[in-house]
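I am opening a notebook on this structure and will write down what I looked up, entry by entry. The sequence and the model come before the entries.

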Amino acid sequence: MTRGRGYALLALVVAAIVALSTAIYVGVGSDDGLRDQNALGDGRAPHNSAAPASTGTWVGTWSASPSAAEPGTETTGMADRSVRNVVHTSVGGTSARVTLSNLYGQSPLSITRATIAVSAGSGTAAALADTMRQLTFGGGPAVVIPPGRQVMSDAVRVVVPHDSDVLITTYTPTSSGPVTYHRHARQTSYVAQGDQAQDTTGTPYTERTGSWRYLTALDLLSNESDGTVVVLGDSLTDGITSTPDTNSRWTDVLSDRLRAEIAAGRDLPRYSVVNQGISGNQVLADGLGRPADNPSGLNRFGRDVLERTNVKVVVIDLGVNDILRNPRLADPNAIIAGLRTMVGQAHARGVKVVGATLMPFHGHRGYTEAREQVRQTINAQIRAGRVYDAVADFDQALRDPYDPRRLRSDYDSGDHLHPSDKGYARMAESFDLETLKGSAPAEL
């Protein structure tokens with residue numbers, strides 16, 4: 001396109017300025033503190049003159065939690081490479097904005113070009129040419145993100161259909177240290193040498209990856225949705241054993257089911273669904289490092305739930321790893337207290353909380369009768385209404401009726417802990433969509 005060369009020249013100038021002088025950080029917010037609500041959190045358009053004049057509600061259509069620093073990227077990061085993340089939308093919209101993170105970086109991350117486009121099809125790095133848009137940050141094409149921080153782009157007008165793949169590409173010209181990533185995407189993304197951010201053919205993208213890099217959220221200005229459902233979880237929500245590139249996580253199926261029921265005339269909230277699962281996540285314990293890899297549900301709740309755009313409901317499916325990964329016998333009361341703390345934080349922001357019972361894991365290498373008793377104790381409290389506003393009883397939905405300590409065989413991926421695609425679908429099918437109605441109670 002005719003403006004491409006001009007943008008390329010501008011990008012080089014900006015990169016030179018970054019290298020020769022102190023970077024000016026544009027529109028950057030903390031990754032572990034609350035962001036500016038007028039710009040990012042209350043569902044309104046960003047406060048900048050470039051925001052498209054359109055109608056609708058800002059909602060999250062996709063998200064992924066930054067989970068760690070990518071091994072092997074400590075020295076050069078993604079220098080002189082274009083990263084093309086492929087993400088899947090839960091609702092459509094007419095304008096878009098993205099959030100990029102340098103949470104695990106140890107030096108400033110320079111991005112001199114970023115683009116967004118609708119994918120030309122499934123399983124390709126090619127874009128629909130007429131949807132390719134350059135993203136800007138504070139009105140300019142480049143941004144520098146300090147270590148431990150994140151940035152949201154300006155809004156750009158582009159029609160993005162629901163249930164579609166979107167290509168979000170970043171180009172980093174210089175070394176930036178460890179890459180912030182979400183390891184288990186269950187979605188193929190792409191990498192190319194050099195600045196190929198505006199390429200629509202997909203030909204230069206010869207490297208494939210099963211992770212998402214830098215990108216943590218895609219918001220849309222939508223007439224299809226009035227708010228966002230955020231699902232906070234571990235590998236069961238991350239979809240670790242789901243078939244790659246098929247969007248078979250239980251949250252994907254839930255989103256499709258909600259949309260279909262509304263289209264059929266059922267009186268349900270028009271919400272998008274975004275996934276904040278991290279494999280191995282616990283309610284109470286962080287991973288290693290500083291900042292911590294795989295931060296606990298408690299420590300990431302503000303960032304990964306309350307900071308998501310226009311959040312109305314959070315679904316929490318956490319606790320199994322607190323049982324399985326504790327070298328001693330986990331204290332069920334401590335886990336329940338942690339879950340209640342998150343519920344209190346959600347209620348303080350007017351967010352309703354639906355919580356899941358913990359599914360069985362008999363046959364898994366970590367199973368013991370004592371751990372099973374901890375699971376049963378936690379589930380009893382959840383079912384009794386002493387933890388959440390409403391309950392998604394995944395344990396009842398997926399357990400073997402002849403041996404309730406284990407998953408039903410056709411719902412089991414084979415490791416006796418994670419569901420098969422059929423099991424993930426069953427989780428979504430068993431979810432009571434009526435629980436999405438209403439707001440947080442005055443007190444639990």
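Before placing any residue in a loop, I note that helices and strands here are DSSP runs, a helix being H or I over at least four residues and a strand E over at least two, numbered from the N terminus. I also keep in mind that this is a predicted model.

**Entry: two positive phi values**

I began with the backbone, since most residues other than glycine have a negative phi, and most peptide bonds are trans. I looked up D163 and found it in the loop between β11 (156–160) and β12 (165–172). The phi of D163 is near 55°, which is positive although the residue is not a glycine. Its relative accessibility is 43%, so I entered D163 as partly exposed, the class that runs between the 20% and 50% limits.

H416 was my next stop, in the loop between β24 (403–407) and α10 (421–430). H416, again not a glycine, has a positive phi of about 65°, and with 26% relative accessibility it counts as partly exposed.

**Entry: a cis peptide bond**

Which peptide bond did I note as cis? I noted the one from R290 to P291, where omega is near 0°. P291 belongs to the loop that lies between β19 (271–277) and α5 (297–306).

**Entry: a glycine in a loop**

I then turned to G72, which I found in the loop between β3 (68–69) and β4 (81–88). G72 has 65% relative accessibility and therefore counts as exposed. I also looked up how G72 stands to G177: the two are 105 residues apart in sequence, while their C-alpha atoms are 9.7 Å apart in space.

**Entry: an open sheet**

Strands of a sheet pair through backbone hydrogen bonds, either parallel or antiparallel. I traced an open sheet of six strands in the order β8-β7-β12-β4-β14-β15, and its pairing is antiparallel. At its edges I found β8 (133–134) and β15 (207–209), each of which has a single partner strand, so that one side of each has no neighbour in the sheet. For β8 that pairing is with β7 (residues 113–118), antiparallel and over two bridges, and T115 has Q134 in β8 as its bridge partner.

**Entry: a buried strand**

How many of the eight residues of β17 are buried? I found that eight of the eight are, so β17 (residues 215–222) is largely enclosed by the rest of the structure. I looked up two of its pairings, and β2 (residues 57–63) is joined to β17 by six bridges, with the two strands running antiparallel; here S63 has A217 of β17 as its bridge partner. β5 (residues 93–101) also pairs with β17 in the antiparallel sense over six bridges, and A96 finds its bridge partner in L220 of β17.

**Entry: rings**

A pair of aromatic rings is described by the distance of the centres and the angle of the planes. I counted four aromatic pairs in the model. One of them joins F361 and Y367, edge-to-face, with 5.8 Å from centre to centre and 70° between the planes, and both F361 and Y367 are buried. Elsewhere I found W250, F394 and F431 linked into a cluster by ring pairs. I added a charged neighbour of a ring to this entry as well, for R97 lies over the face of W58 at 4.1 Å from the ring centre.

**Entry: enclosed and open spaces**

I searched the whole structure for cavities of 30 Å³ or more and found one. The largest cavity has a volume of about 60 Å³ and a lining of eleven residues, with Q150, T216, R303, D304 and R308 nearest its centre. I sorted this lining into two nonpolar, four polar and five charged residues.

The largest pocket holds about 610 Å³ of space. I found 29 residues in its lining, and those nearest its centre are S279, G280, N281, N294 and R325. The elements giving two or more residues to this lining are β13 (180–182), α3 (235–238) and α6 (320–324). By class, I entered the lining of the largest pocket as eight nonpolar, 15 polar and six charged residues.

Note on methods:
Residues are numbered from 1 along each chain as its sequence is written. This is a predicted model: local features need pLDDT of at least 70, side-chain atom pairs count only at pLDDT 80 or more; totals for chains, interfaces and linings use all residues. Side-chain values use heavy atoms; hydrogens and water are left out. Two strands pair if DSSP finds at least two bridges between them. On a 1 Å grid over the protein atoms alone, a cavity is a set of points where a 1.4 Å probe fits but cannot get out, and a pocket is an open set with protein on both sides within 12 Å along at least five of seven lines; lining residues have an atom within 4 Å of a point. Grid points are joined across faces, edges and corners, and a volume is the space filled by probe spheres set on the points. Ala, Val, Leu, Ile, Met, Phe, Trp, Tyr, Cys and Pro count as nonpolar, Asp, Glu, Lys and Arg as charged, and the others, Gly among them, as polar. Rings of Phe, Tyr and Trp (its six-membered ring) pair if their centres lie within 6.5 Å; planes under 30 degrees apart count as stacked, over 60 as edge-to-face and the rest as tilted. Buried means under 20% relative accessible area, exposed over 50%, partly exposed in between (1.4 Å probe, protein chains only). A charge sits over a ring if NZ of Lys or CZ of Arg is within 6 Å of the ring centre and within 35 degrees of the ring normal.
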